[in-house]
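Please look through the sequence and the model shown here, and then follow the paragraphs below, which go from a single residue to the sheet, the core and the confidence of the prediction.

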Amino acid sequence: MNVNLMNGISLSRMFNTYGGTNRADGPEKLKEDIAFLLKQEKGRFYADPEFGSMLYSYLFMPLSEETGQKVKKEVYDTISKFYPNIYLHYVNVDLRDKEIKITVGYSYSDSDNPTEINIELFNKI
């Protein structure tokens, strides 16, 4: 995978102030795509029911080390399935009342310095 060839509509900031669409390229696009993948609930995307993760289901589980390990496994499994060429350096999970904070460090194509993604999931109930 040549990450520098990735491009498309920016998912995190889709529309600009003039009503047009913003674009993302290369490493920025990959970072957005991974965050989007992890935040999507599996089964909600009609074109591919396997797309996404089950991370939101862990918001309703007890705050324990076991839940934290399950969240890490879900992150590793989801990214590995959709981005098999990505090397995951670490996944840190912080479980708090009604929220999960996840930090993922990854690299690609001979890169030793991990890029970091921070994801926050909230239970709004």
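Lysine 98 counts as partly exposed, because its relative accessibility is 41% and the term covers what lies between buried, under 20% relative accessible area, and exposed, over 50% (1.4 Å probe, protein chains only). This lysine 98 is found in the loop between β3 and β4, where helices (H or I, at least four residues) and strands (E, at least two) are DSSP runs numbered from the N terminus. Phi of lysine 98 is near 70°, a positive value in a residue other than glycine.

The model is a predicted one, in which local features need pLDDT of at least 70 and side-chain atom pairs count only at pLDDT 80 or more, while totals for chains, interfaces and linings use all residues. Residues are numbered from 1 along each chain as its sequence is written, and side-chain values use heavy atoms, with hydrogens and water left out.

The strands on either side of that loop belong to an open sheet of three strands, in the order β3-β4-β5 with antiparallel pairing, two strands being paired if DSSP finds at least two bridges between them. β3 and β5 are the edge strands, each pairing on one side only, and the twist from one strand to the next averages 15°. Between β4 and β5, which run antiparallel, there are eight bridges; lysine 101 has glutamate 120 in β5 as its bridge partner. Helix α2 packs on the sheet, touching β3 and β4, and its direction makes about 145° with that of β3; such axes are lines fitted to C-alpha atoms, for helices over the stretch in contact, with angles from 0 to 180 degrees between N-to-C directions.

What does the largest nonpolar core contain? This core, a set of buried Ala, Val, Leu, Ile, Met, Phe, Trp, Tyr and Cys residues joined through side-chain atoms within 4.5 Å, has 24 residues, and those with the most contacts inside it are Ile79 and Ile102. At least two residues each come from α1 (26-39), α2 (65-82), β3 (87-96), β4 (99-107) and β5 (115-122), and α1 gives the most, with five. Leaving aside neighbours within four places in sequence, isoleucine 102 is in contact (heavy atoms within 4.5 Å) with residues including Leu55, Val71, Val75, Val91 and Ile117.

Confidence is given by pLDDT, the predictor's confidence in each residue from 0 to 100; the protein averages 80, and 75% of the residues score at least 70. Among the elements, α2 has the highest mean pLDDT (93) and strand β1 (residues 7-9) the lowest (44).
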